[in-house]
Amino acid sequence: MDPATISSTDREKIQQLFQQQQSNRTEMARTTTRERIARLDRIAEFLNDEANNQALNEALWADFKKPEAEVALSEVAIVLSHIRYIKRKLKGWMRPRKVPTNLALFGTSSHIYYEPKGNTLIIGPWNYPFMLSVYPLLYAIAAGNTAIIKPSELTVHTSAFIAKMMRQLFPEQEVVVVEGGVETTTQLLDLPFHHIYFTGSPRVGRIVMGAAAKHLASVTLELGGKSPAVIDDSVNMETIAEKTLWGKSLNGGQTCIAPDYMIIQENVKEQFVEAYRKAIRKFYGTTPEEMVTSKDFAHIINDKNFDRLHELFTDAVDKSARVEIGGVFSKEELFFSPTVLSQVTDKMEIMKEEIFGPILPILTYRDQEEIPAIINRHPQPLSMYVASKRRSLIHYLKQETSAGGMVINDYLLGFGNPNLPFGGVNNSGIGKSMGFRGFTEFSNEKGVISRYWDTLHFLYPPYTETVNKMLKILKKWA
Ligand code: NAD
C-alpha cells in the first residue's frame, strides 16, 4: 500500500503514521532556522518546476475546471510568497523575545520562548484545495511541528497531487498526507494531536472543535459565512462593478472571502446592475455558450453544490426575487452563470446561508443606519467590504459592525498582506493565521522568568509584623 495514500478504513496505518510522528516530535522541535528554511525551500523548488506546475494545473482542471491563471495566482503564487516572507522573518520569530519586567519582580528578567506545539493535523477544504492544505503546512514547519495533512476528498486529483508531492519532499515521520473522506477525518480526529488547523465550513468546524475537546487540543478554525459588501453613490460604478465581479467570480464564486451579498445605496442600484452586466460581457463573453466554454470562469465543484445553488436560486425566485442578470445554468456542465438578484428578503434561504457560488443578491439602503442593522442580523462575517469615498461612512461601519477583517474599496485583499492577521470571529473562525500570527498559532508561547538577584526572600514565613508591612508596600507597587 502506498504509505501516503490510505483508504478510509485503514485505522492501523493511520495510527502507525501518527505514532511515527509522535516519536519524531522532539527531533522536529530541535530543528534550527536553517533546517526549517531548507524544508520550505524544497516546497518552493518543487513548485518552480514547470512539469510539476503543469501537473497541478491538470489536477485542478480535472477537479473543477479551474483556470490556469487562477491556479497561478490563488494556489501557487500565494504559497510561494508566504515561503519568501517566512524565510525573511523566521530567524527573528524563533528568537526568544525579551519583555519588560514589573517592579515587584525586581531582580528577574522575562522572555517569551516559542516552542512548537508538536504533532499537528491540517484539514483542508476543496475550494482552494492546494493552497489551503499547503499554506498552513509552511507555518507548521516554520514553528517546528510534524504535520499530517488531510486534503479534501472532493478534489481527488489535487489531493493525489499533494500526496505525491509530500511523499517526494518529506519523510512521513515529518509530513504525510492522508487521503479520504469523512470516515478518515473522523479517525484522524480521534488521535491526540496537539493542534488541529481546520479550514472549512462552520458546520464541520463544530465537529472538529468537539473532537479537539476530548484531548484538549488547540484549534485554528478558518471558517466561512456571509461576507457583506457595501457600496454608496460616491464611487465610480464601472470600476466597482468590475472589482465586485472579480471578487464574486474568482474560483466560480467558491471563495470563503467572496462578497456574499451587496448592500447598495438605492439611488445607484440600477447603475450598478448595468455596470455589472457590462463587466460580465467583458470578462466572460456575451452569450451563455461563450460563458460555459470560457476558460476564465471556474465551474461548480460537484452535483451536490450545484443542486444547493439551484435550490437557493429557485427558492428566492419563488419568493419574488427579481433576476436582474443571469440565472443561466447547466447541471451537465456544472455551470452557473454570474447572476444578480434584487428584491431579496430575509425570508429567502439565499439570505440565510453562505452562497458559495456566483449568485449575488442585492439589498438597498437609503439611510446609513440601515446598513449595520442588516449586517448584524447575521453572525459575524469572515470579511466585510465597503466601497465609498466617504470617510465618515467607512468609520461608522468599522464601529458599528464586527468582522474577521475588512477591505475598503476593493475585494479579497485581506488574504494578501502577511503583516495582518487573517481569520474570522466565532462563526466565521477561531484563531488567526498568516505571518507572525501563523507562526504563533503553531507555537506554544512559553513565558520564562529568570531570577538573577534574590529580592523576595524577606517575604518568606514566618509572617512577622515586618513582613506584613513590606507586603503592604509591595501591594502598592505590584
Ligand atoms: P467542509 O467543512 O465541508 O469540509 C472541509 C474538510 O472537512 C474536508 O477535508 C472534509 O473531508 C472534512 N469533513 C467534511 N465533513 C466532515 C465530518 N462530518 N467530520 C469530519 N470531517 C469532515 O468545507 P468545504 O466544503 O470543503 O469548503 C467550503 C467551506 O470552507 C466554506 O464554508 C468556506 O467559506 C470555508 N472556507 C474557509 C476558508 C478560510 O480561510 N476561512 C477558506 C476556504 C474555505
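User: Before we start, what does buried mean here, in terms of relative accessible area?
Analyst: Buried means under 20% relative accessible area, exposed means over 50%, and partly exposed covers what lies in between. Please also keep in mind that this is a predicted model.

User: Okay, then Lys66: buried or exposed?
Analyst: Lys66 counts as buried, because its relative accessibility is 1%, and that is under 20%. Its side chain meets the side chain of Glu75 in a salt bridge, with N and O 3.0 Å apart.

User: And the partner, Glu75, is that buried or exposed?
Analyst: Glu75 counts as buried as well, since its relative accessibility comes to 0%.

User: How many salt bridges does a search of the whole structure find?
Analyst: The search finds 24 salt bridges. One of them pairs Lys331 with Asp307, where the closest N and O atoms are 2.8 Å apart. Lys331 belongs to the loop between β11 (329-330) and β12 (335-336), while Asp307 belongs to helix α13 (residues 303-318), so this pair ties together parts that are 24 residues apart in sequence.

User: How accessible are Lys331 and Asp307?
Analyst: Lys331 is partly exposed, with a relative accessible area of 38%, and Asp307 is also partly exposed, with 27%.

User: What does Arg451 pair with?
Analyst: The side chain of Arg451 meets that of Asp454 in a salt bridge, at 3.9 Å from N to O. Arg451 is partly exposed at a relative accessible area of 36%, whereas Asp454 counts as exposed at 53%.

User: Which residues are linked in a network of salt bridges?
Analyst: Such a network links Lys269, Glu270, Arg322 and Glu324.

User: Switching to Asp10, how far away is the nearest side chain of opposite charge?
Analyst: That side chain belongs to Lys13 and is 7.2 Å away, and Asp10, although buried, has no salt bridge. A salt bridge needs a nitrogen and an oxygen within 4 Å, so a separation of 7.2 Å does not qualify. The side chain of Asp10 does, however, reach the backbone nitrogen of Lys13 at 3.1 Å. As for its place, Asp10 sits in the segment before α1 (11-23).

User: What about Thr255, where is it?
Analyst: Thr255 is placed in the loop between α10 (237-249) and β9 (261-265), and it counts as buried because its relative accessibility is 5%. A polar atom of its side chain lies 3.3 Å from the backbone oxygen of Leu250.

User: On to the surface, which residues form the nonpolar patch?
Analyst: The patch is formed by Leu103, Phe106, Tyr452, Trp453, Phe458, Met470, Ile473 and Trp477, and together they have about 920 Å² of accessible area. Phe458, to take one member, is in the loop between β18 (443-451) and α17 (465-477) and is partly exposed, with a relative accessible area of 35%.

User: And which residues make up the negative one?
Analyst: Asp367, Glu369, Glu370 and Glu400 form the negative surface patch. Among them, Glu369 lies in the loop between β14 (359-365) and α14 (370-375) and counts as partly exposed at 48% relative accessibility.

User: How far apart are the C-alpha atoms of Pro202 and Ser428?
Analyst: Those C-alpha atoms are separated by 6.7 Å, although the two residues are 226 residues apart along the chain. Pro202 is in helix α9 (residues 202-215), and it is buried, with a relative accessible area of 16%.

User: What about Gly414 and Lys164, how far apart are their C-alpha atoms?
Analyst: In that pair the C-alpha atoms are separated by 31 Å, with the two positions 250 residues apart along the chain. Gly414 is found in the loop between β16 (405-408) and β17 (429-430).

User: Last topic, the backbone: which residues are joined by a cis peptide bond?
Analyst: Pro461 and Pro462 are joined that way, with omega at about 0°. Pro462 is in the loop between β18 and α17. As background, most peptide bonds are trans, and most residues other than glycine have a negative phi.

User: What is phi of Leu216 and of Gln343?
Analyst: Phi of Leu216 is near 50°, and that of Gln343 is about 55°, a positive value although Gln343 is not a glycine. Leu216 lies in the loop between α9 and β7 (218-222) and is exposed, with a relative accessible area of 76%. Gln343 is in the loop between β13 (339-342) and β14 and is partly exposed at 47%.

Terms used
Residues numbered from 1 in each chain as written. Predicted model: local features only at pLDDT ≥ 70, side-chain atom pairs only at ≥ 80, totals over all residues. Heavy atoms only, no water. Helix = DSSP H or I, 4+ residues; strand = E, 2+ residues; numbered from the N terminus. Buried < 20%, exposed > 50% of the residue type's maximum accessible area, 1.4 Å probe, protein only. Lys, Arg positive; Asp, Glu negative; His and termini not counted. Polar contact = N/O pair within 3.5 Å; in protein donor to acceptor, adjacent residues only side chain to side chain. Patch = residues over 30% accessible without salt bridge, like charges linked within 9 Å, V, L, I, M, F, W, Y side chains within 5 Å. Areas by Shrake-Rupley, 256 points an atom, 1.4 Å probe, with all protein chains shown as cover. Charge placed at Lys NZ, Arg CZ, Asp CG, Glu CD.
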